Amino acid sequence: MKRLIPILLAVFAFAACEKDPDMDKLDNDYLVYTNYDKKADFKQFSTYYIPDSVLVIGDKKDPEYWKGEAAEAIINAYKETLNSKGFTYTDNKDAADLGIQVSYVQSTYYFTDYGQPEWWWNYPGYWDAPYWGNWGGWYYPYVVNYSITTNSFLTEIMNLKAPEGEKQKLPVLWSSFLSGPASYSGKVNQTLVVRAINQSFAQSPYLTNK
């Protein structure tokens, strides 16, 4: 399983003649990890839907949804990038080809799973397969094996064009994991998060409809 990819390492793309980046400075930025279905052809999709809030994965029994200026900026960062890659946003979930869900992690979770890694372990909220349609669960066509810690973001892109049914699983075509430094104010650094989102797409050139 791939390890987390630091933004700076991805940008510098190590060459033998280049100076290694200062590892101490990586603590001041987000680490970016991405994975995807190697068989997916993203050019067959044209529209996408993304909710107007971020699911908060924490220790509470009741679902929490993060809204407001900061959450809107994060969601808009996904919209702007997807639009620039040739996809079109629709506010009609049932008509969308792709579904994008963004979650913010307030606790630490560990995963070692080769089949169905449901990130929030039945965490209450609408980030479940039935929310997106008539699917009986999730399908990840790649191995998942890492931990998700506080002040992290998990984003997944699902194929909403897949055959539905209670025995069918909703395919997850792409996922990103953004892990950043915790701020003293308890708030995320909006600038760093948006930059990490842009980096997640920069290291995923295959994710385009052009």
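Ser53 lies in the loop that connects strand E3 (47-49) with strand E4 (54-57). In this predicted model, Ser53 has a relative accessibility of 3% and therefore counts as buried, the cut-off being under 20%. Ser53 and Glu64 are separated by 11 residues in sequence, and their C-alpha atoms are 9.7 Å apart in space.

The two strands on either side of this loop both pair with strand E7. E3 and E7 run parallel and are joined by two bridges; Tyr48 has Leu98 as its bridge partner in E7. E4 also pairs with E7 in the parallel sense, over three bridges, and here Leu55 is partnered with Ser103. Strand E11 (residues 152-159) runs antiparallel to E7, and eight bridges join the two. In this pairing Ile100 stands opposite Ile157 of E11.

Strand E7 covers residues 98-105, and eight of its eight residues are buried, so the strand is largely enclosed by the rest of the structure. In a regular strand the side chains alternate between the two faces of the sheet. On one side of E7 are Leu98, Ile100, Val102 and Tyr104, and on the other are Gly99, Gln101, Ser103 and Val105; all are buried, and both faces are thus covered.

Ser176 belongs to strand E12 (residues 170-179). Its relative accessible area is 1%, so Ser176 is buried. Leaving aside residues up to four places away in sequence, Ser176 touches Tyr33, Thr34, Tyr78, Phe153, Leu154, Thr155 and Ser200. One of these contacts, Ser200, is also among the buried residues of helix H4.

Helix H4 (residues 190-202) has 13 residues and should span 18 Å at 1.5 Å a residue; the end C-alpha atoms are 18 Å apart, which agrees with that expectation. The buried residues of H4 are Leu192, Val193, Ala196, Ile197, Gln199, Ser200 and Phe201. Gln203 is found in the segment that follows H4. With a relative accessible area of 19%, Gln203 is buried, given a limit of under 20%. The side chain of Gln203 forms a polar contact of 3.2 Å with the side chain of Thr34, and Thr34 is also one of the residues touched by Ser176.

The average pLDDT of the protein is 78, and 70% of the residues score at least 70. Residues 1-26 have a pLDDT below 50, although this stretch has 37 contacts in the model beyond near neighbours in sequence. The pLDDT is also below 50 over residues 112-122, a stretch with 32 such contacts. Where pLDDT is low, the predicted coordinates should not be read in detail.

Notes. Residues are numbered from 1 along each chain as its sequence is written. This is a predicted model: local features need pLDDT of at least 70, side-chain atom pairs count only at pLDDT 80 or more; totals for chains, interfaces and linings use all residues. Side-chain values use heavy atoms; hydrogens and water are left out. pLDDT is the predictor's confidence in each residue, from 0 to 100. Contact means heavy atoms within 4.5 Å. Helices (H or I, at least four residues) and strands (E, at least two) are DSSP runs, numbered from the N terminus. Buried means under 20% relative accessible area, exposed over 50%, partly exposed in between (1.4 Å probe, protein chains only). The expected span of a helix is 1.5 Å times one less than its number of residues. A polar contact is a pair of N or O atoms within 3.5 Å; within protein, one must be able to donate a hydrogen and the other to accept it, and residues adjacent in sequence count only if both atoms are side-chain atoms. Two strands pair if DSSP finds at least two bridges between them.
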